[in-house]
Structures are given as C-alpha cells and as structure tokens.
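Me: I'm new to this one, so could you walk me through it feature by feature? Give me the general idea each time, then show me the case here.

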Amino acid sequence: MKSILIALVLFIPTTSWAQSQWIKLGEGTARWGLFKLYDARLFAPPERSSENLLSDDTPLKLELCYARRLTVENFVDGANHVLAKQPLTPTLQQAVDQLHLAYRPVEKGDCYILHYQPEEGTRLVLNQQTLTTVDTAGFKAVYFGIWLGDQPLSTHLKASLLENL
C-alpha cells in the first residue's frame with residue numbers, strides 16, 4: 001500500500017502543484033471616467049521579484065472580472081492604446097493578433113484570465129474556457145505590460161496590482 005501511495009505522489013502533474021502555489025500580489029478596479037469596467041487581481045508564485053515579474057521564466061496570472069458589457073472592439077482598442085507606444089516585431093504582432101482574434105464580448109460578471117506558464121505560453125481563458133494559447137517568446141512581457149509595463153493603461157491600477165510585491 002505504501003508503494004502505491006508513493007507512486008501516486010510521483011505522478012501528480014507538476015502544473016497542478018504550481019497552480020496551487022499562487023500568491024495574490026494585488027487587486028484593483030479599472031474605471032473609464034466614473035464607470036467601473038472591471039476588477040483585476042494579479043497572482044504570481046512565491047519565488048518572484050519585481051525584476052523578473054515580466055520575464056518568460058516567471059508564471060503569472062491576471063484575472064479581470066467585468067462590471068459591464070464590453071465588446072471585442074473595446075478590448076482591442078484598449079490594448080492597442082498601450083501597444084502602439086512600443087514597436088513590435090512582426091512575430092510579436094502576429095501573437096497579439098492571435099490573442100485579439102480570440103476575444104469574445106463579455107457581460108457583467110464574466111471573467112477573463114491571462115495565465116502564463118513557462119514552456120506553455122499565455123492562455124486566454126473566458127469563464128474557465130481556454131480560447132487560445134500564445135507561445136511566442138517575449139509575448140508575456142508585451143501583453144501583461146498593458147497593465148504592468150512602463151506605460152500601462154492605468155498607473156493607479158498597476159500600483160494596486162503590485163501592492164504586495
């Protein structure tokens with residue numbers, strides 16, 4: 001019996017273990033004027049630092065839960081507002097386009113998750129359904145940079161998301 005338990009422990013997938021080890025770095029609310037758009041929460045593993053947060057070696061998860069209906073165009077326009085400030089290689093632009101094509105409109109209460117795992121890439125998940133996975137090197141820093149980069153959508157939201165870092 002003991003050898004069966006040991007065998008079961010050895011075959012538990014490491015991603016399951018890694019997923020249970022998330023620490024919430026912070027949370028905040030995104031607004032457009034007076035209107036609340038979404039609540040955001042950022043998660044990372046315990047062994048992270050501000051220097052490696054956007055590197056391809058660090059898992060990262062950003063959860064966005066919406067307070068109102070938004071269209072695909074709203075998502076793409078918001079992302080492009082920030083992405084236009086940085087030059088993208090053709091490969092990174094294709095990766096951005098792939099993710100943008102996967103967006104779906106949301107209703108109040110829907111949640112998107114951007115979930116990055118090294119060697120797997122960035123998954124775009126809507127209400128627990130994976131819509132696409134982008135595995136292009138450097139994409140994580142570009143896309144999570146919309147919220148966490150040097151010129152984010154909102155400096156206030158960025159500060160809230162990184163509150164416990």
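**Reading the fold**

Reply: Let's start with two neighbouring strands: E1 (residues 23-32) and E2 (residues 35-44) run antiparallel and are joined by nine bridges. Strands here are DSSP runs (E, at least two residues), helices are runs of H or I with at least four residues, and both are numbered from the N terminus. Two strands count as paired if DSSP finds at least two bridges between them.

Me: Before we go on, what kind of model is this, and how are residues numbered?

Reply: It's a predicted model, where local features need pLDDT of at least 70 and side-chain atom pairs count only at pLDDT 80 or more, while totals for chains, interfaces and linings use all residues. Residues are numbered from 1 along each chain as its sequence is written, and side-chain values use heavy atoms, with hydrogens and water left out.

Me: Which residues stand opposite each other in the first two strands?

Reply: Trp32 faces Phe35 in E2, and Ala30 is opposite Tyr38 in E2. The hairpin of E1 and E2 has two residues between the strands, and Gly33 takes a positive phi near 65° there.

Me: What comes after E2 in the sheet?

Reply: Strand E3 (residues 60-66) does: six bridges join it to E2, and the two run antiparallel. In sheet order you get E1-E2-E3-E4-E5-E6, an open sheet of six strands with antiparallel pairing. E1 and strand E6 (129-134) stand at the edges with a single partner strand each, so one side of each has no neighbour in the sheet. From one strand to the next, the twist averages 15°.

Me: How do the helices fit in along the sequence?

Reply: The chain has six helices and six strands, and its pattern reads α-α-β-β-β-α-α-β-β-β-α-α. Take helix H4 (residues 90-102): it lies across strand E4 (111-117), strand E5 (121-126) and E6, running at about 170° to E6. Such angles run from 0 to 180 degrees between N-to-C directions, with axes fitted as lines to C-alpha atoms, for helices over the stretch in contact; contact means heavy atoms within 4.5 Å.

Me: Is helix H5 mostly covered or uncovered?

Reply: Buried means under 20% relative accessible area, exposed means over 50%, and partly exposed is in between, using a 1.4 Å probe and protein chains only. Helix H5 (residues 139-148) is mostly covered, with nine of its 10 residues buried. Among them are Phe139, Tyr143, Phe144 and Trp147. Across the chain, buried residues make up 38% of the 165 residues.

Me: How many aromatic pairs are there?

Reply: Rings of Phe, Tyr and Trp (its six-membered ring) pair if their centres lie within 6.5 Å; planes under 30 degrees apart are stacked, over 60 edge-to-face, and the rest tilted. The structure holds eight such pairs. One of them, Tyr66 with Phe75, is edge-to-face, at 5.4 Å centre to centre with 75° between the planes. Tyr66 counts as buried because its relative accessibility is 5%, and Phe75 counts as buried because its value is 10%. Both belong to one aromatic cluster with Tyr38, Tyr103 and Tyr112.

Me: Which residue lies over the face of Phe43?

Reply: A charge sits over a ring if NZ of Lys or CZ of Arg is within 6 Å of the ring centre and within 35 degrees of the ring normal. Here Lys61 lies over the face of Phe43, 5.4 Å from the ring centre. Back in the sheet, Phe43 also stands opposite Lys61 in E3.
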